[in-house]
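Hi everyone, thanks for coming. I'd like to walk you through one structure today, so have a look at it while I talk.

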Amino acid sequence: MNREKSHWTNLVKASSARQGVFSEEMKEAVINQIQQKQRGRHPFSYIAIPLLGLLLCLFFLPFIDRELAGGLSSKTASPVDHKIALHYEPAKNLTVIPESDKGIRSATLRLIPLSSVHINNAVTINTLLKYVDYTKPGDDSISYFGFALSNQFNLVNQEFYEIGYGKMSDLMVQESDAFGLSSLRMDGKCGPDRRCVYWLSIDQDKVTAYEQLDASTIYEQDLDGDGRTEVIVLTYASDIYVYKYITGQIQSVRVQDALRAEYGETVTYNPQNKEFWVTSGKVTKRYQYTDEEDQLEQVN
Amino acid sequence: MESGYLKYIQEVDSTELYNLMTQYGDDVWRYAYALTNNYEQASDIAQEVFIKVHLNLSTFRGRSSFKTWLFSITRNLAINELKSNYVRRVLLFGQVKSLQTTQSAEGAYMASQAAEEIRAIVMGLSRKLREVLLLQLEHDMSIHEMAQLLEISEGTVKSRLNRARKQVEKRWRESK
């Protein structure tokens, strides 16, 4: 026994010694990240900021003089100030997705035979879909999850669609036509203070899942009146994202960024009026989608 | 490189950080991998550890070894990562495929079939058991150091080690 024990422990030690994978690229990445952060605190900014302030004063002084001379009692913002362009972006193609990335990503799902897995949990929801989470032979420490569609519930050779690692709870499933692609929407708790959502596009021979990993509140509305539904999502941290189908992809924009909301300003979405509100103290500005492409316009 | 001096300094420059990464980077990666069993997550976490070292070196008091301190940062990051991801980020089928490809590359890297098998058995243990086993076998940590790192009693460390070894031995015998 002792010889056997020393044999396998030596094998573990020997196998670990060959692993060493903190590569030169990783070291460089760490140093680059730190240097980028340090540039934000570079002493040059102590010169640049006052200089910039001086330039701004010189630029705006004529306007201020004109206002004082004209004796205007209220500001009239130019029409351009009331319209804000929304710069949508597609989700980046990443292997490991950072926490700050709220893009929607898609994948065609594959069918898995029920007999090939060990089911831990199966829940039928609204007669639309049966959620399953399971483990696979050889590793019962890793949970996977997926679902079966209603027409698959009672098949003899049962199969279901695999989504991937993890599991979900507190599930809600409903019909959905989000992005003009979706058939069903499944959302649920997928971690502490986290809800994930999957829009499922179901065709005759394939199912595509569109995944978003932080959707505390979801609204599906046609914001721009083109007949295709957009999705407005509030994340757990109260960021607001608009997702839209653009040139074959689901692209997104963070509304706080688009409206240039500053510290202390709160951005909310009013689904009744389809308005985005920016509140600072007692003042609220309201914005709606314009008839022109991908712009918000102030309405008050 | 002696690292005891680190408790006396407030921050490291790029050169020193590079040297620390050279000295400890592989160990940090291996520990992160032992916890997450995921190649990409381990790489992510290992890099994050050294960014935190740069930011928080002033909090290193020298009460434990520098390596133990690094490992405690690694552990906190890995546990947070595991907790915040019921649904892991490498979720969709296409990306699951790439993860399997990476694991095959690791298998090919190992010299012997036996090492590969035993590695799989160890990584198949629950996280708590494989963590103590690999801390002992890969990083030569003492019971006391592990108890300090994991914030559990030495008795619990010994108990987990005992269970881990028994499970490995049992599965190793069954695989022959």
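Before I count anything, a word on terms: helices and strands here are DSSP runs, with at least four residues for a helix and at least two for a strand, numbered from the N terminus. With that in mind, chain A has five helices and 20 strands.

Please remember that this is a predicted model. For chain A the mean pLDDT is 81, and 77% of the residues reach 70 or more. Where is confidence lowest in chain A, and where is it highest? The low end is helix α4, residues 79-82, with a mean of 54, and the high end is strand β14, residues 230-234, at 97. There is also a stretch of chain A, residues 68-80, where the pLDDT is below 50. Beyond near neighbours in sequence, that stretch has two contacts in the model. As a general caution, predicted coordinates should not be read in detail where pLDDT is low.

Two more overall numbers for chain A. Of its 300 residues, 27% count as buried. And if you take contacts between residues at least 6 apart in sequence, 36% of them join residues at least 24 apart.

Now to the strands. One open sheet in chain A has five strands, in the order β2-β16-β15-β14-β13, with antiparallel pairing. Which strands stand at the edges? They are β2 (89-90) and β13 (217-221), and each has a single partner strand, so one side of each is left without a neighbour in the sheet. For β13(A), the pairing with β14(A) is antiparallel and consists of five bridges.

Let's zoom in on one residue of that edge strand. A:Q221 sits in strand β13 of chain A, and its bridge partner in β14(A) is A:E230. Is A:Q221 buried or exposed? It falls in between: 15 other C-beta atoms lie within 10 Å, so A:Q221 is partly exposed, the cut-offs being 20 or more for buried and 12 or fewer for exposed. Setting aside residues up to four places away in sequence, A:Q221 touches A:T229, A:E230, A:I232, A:P271 and A:K274. A:Q221 and A:V231 are 10 residues apart along the chain, with their C-alpha atoms separated by 6.2 Å.

Next, strand β20 of chain A, residues 295-298. On one side of the story, β20(A) pairs with strand β1, residues 83-85, in the antiparallel sense over three bridges; here A:A85 has A:Q295 as its bridge partner. β20(A) is also joined by three bridges to strand β19, residues 283-289, and those two run antiparallel. In that pairing, A:Y289 stands opposite A:L296. The hairpin of β19(A) and β20(A) has five residues between the strands, and A:D294 takes a positive phi near 50° there.

On to the cores. The largest nonpolar core has 50 residues, and those with the most contacts inside it are A:F147, A:Y198 and A:V255. Strand β11 of chain A, residues 194-202, gives the largest share of this core, with five residues. Another core, of 47 residues, lies apart from it; among its members are A:V12, B:M21, B:F50 and B:A78. Back in the largest core, A:F147 touches residues including A:L129, A:V132, A:F160, A:Y161 and A:M186, not counting residues up to four places away in sequence.

That brings us to chain B. B:V28 is in helix α1, residues 14-36, and is buried, with 26 other C-beta atoms within 10 Å. Leaving aside neighbours within four places in sequence, B:V28 is in contact with A:F22 from chain A, and with B:A46, B:V49, B:L70 and B:T74. B:V28 and B:R75 are 47 residues apart in sequence, and 9.5 Å apart in space, C-alpha to C-alpha.

Last stop: helix α6 of chain B, residues 127-137. Nine of its 11 residues are buried, so α6(B) is largely enclosed by the rest of the structure. How do α6(B) and helix α8 of chain B, residues 154-175, cross? Their axes come within 8 Å and cross at roughly 95°, so α6(B) and α8(B) are roughly perpendicular to each other. Residues making the contact include B:L129, B:V132 and B:L133 of α6(B), and B:V157, B:L161 and B:A164 of α8(B).

That's my tour, and I'm happy to take questions.

Note on methods. Residues are numbered from 1 along each chain as its sequence is written. Chains are lettered from A and ligands numbered from 1 in the order in which they are written. This is a predicted model: local features need pLDDT of at least 70, side-chain atom pairs count only at pLDDT 80 or more; totals for chains, interfaces and linings use all residues. pLDDT is the predictor's confidence in each residue, from 0 to 100. Two residues are in contact if their C-beta atoms, placed from the backbone, lie within 7 Å. Two strands pair if DSSP finds at least two bridges between them. A nonpolar core is a set of buried Ala, Val, Leu, Ile, Met, Phe, Trp, Tyr and Cys residues joined through C-beta atoms within 7 Å. Axes are lines fitted to C-alpha atoms, for helices over the stretch in contact, and angles run from 0 to 180 degrees between N-to-C directions. Angles under 35 degrees count as roughly parallel, over 145 as roughly antiparallel, 65 to 115 as roughly perpendicular and the rest as oblique.
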